[in-house]
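Happy to walk through this one with you. Shall we take it as a short exchange?

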Amino acid sequence: MRSRLVVGNWKMHGSIESVTSLLAELQAATSEFPKGSEVGVCPTFVHLPMVREQLASSAIRIGAQNANAQEQGAFTGEVSAQMLAEFGVHYVLVGHSERRQLFAESDATVAEKFLAVQASGMTPILCLGETLEQRERGETDTVVLAQLDAVIRVSGIAAFAKAVVAYEPIWAIGTGRTASPEQAQAVHKSLRQHVAAQDEEIAAGLRLLYGGSVKAANAAELFAQPDIDGGLVGGASLQANEFIAICRTAD
Ligand code: PEP
């Protein structure tokens, strides 16, 4: 049985004040989250120290939004996977579509990052997704499976025993337009079948999150799909009430 997972991606949002109060509200609600489910938050790098301090005795996991694959060196502005691991980070988003589109991360870069995150002992959350044009041309499965294969080629299928995959259609991210539960389930099923063709046990245990305008009003229907094991939540994760309501549905 796969445990449910809900992860908040705060993107480039937050102030000392807003992060403090958001975490206080989340912590106060932790006892309401379904038993056996997991919740994580991915703040900006600059907010990580205070998040770590505030969540020191909490079950809420800390995630990062990005990591550099190199251990250290002359890479101005970057943070390595090793540094994050030393800091107690549990999850790292890898290949988010904003990184792929706005920061030109290729499949090869994403694969290197995935490898580095796992080598540092953290769990990568590999983000995959198609554009609206690709969906309309009927290329959704081809695109997301190619993104997945780029990582499998470098890390091997066994790596997915300790990884999470998030299907995030680009046309649904931050747009208020959510994939229908049936659309999301169809892609999740293809992803699981693709992994199962190489290793059935790993496929059965692999957590597949849906991301793209998840909110309290649509989370339960999405999470009820057989191959959707939780959500990666952007905008709604910045609103305590919304995020708490989403986490409550993850049972
Ligand atoms: C995301 O950034 O991963 C995301 C899913 O954003 P939103 O929920 O705002 O669409």
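The questions below look at one residue and then at one strand.

This is a predicted model, in which local features need pLDDT of at least 70, side-chain atom pairs count only at pLDDT 80 or more, and totals for chains, interfaces and linings use all residues. Residues are numbered from 1 along each chain as its sequence is written, and side-chain values use heavy atoms, with hydrogens and water left out.

User: Is asparagine 218 buried or exposed?

Analyst: Good place to start! Asparagine 218 sits in helix α10, residues 216-223 (helices are DSSP runs of H or I, at least four residues, and strands are runs of E, at least two, numbered from the N terminus). Buried means under 20% relative accessible area, exposed over 50% and partly exposed in between, with a 1.4 Å probe and protein chains only. Because its relative accessible area is 12%, asparagine 218 is buried.

User: Which residue's side chain does the side chain of asparagine 218 join in a polar contact?

Analyst: A polar contact is a pair of N or O atoms within 3.5 Å; within protein, one must be able to donate a hydrogen and the other to accept it, and residues adjacent in sequence count only if both atoms are side-chain atoms. The side chain of asparagine 218 also has a polar atom 2.8 Å from the backbone nitrogen of lysine 215. The side-chain partner, at 3.1 Å, is threonine 178.

User: Which residue in β5 does leucine 93 stand opposite?

Analyst: Strands β4 and β5 (residues 123-128) run parallel and are joined by four bridges; two strands pair if DSSP finds at least two bridges between them. Leucine 93 points the one way with Tyr91 from β4, residues 91-94. Opposite leucine 93 in β5 is isoleucine 125.
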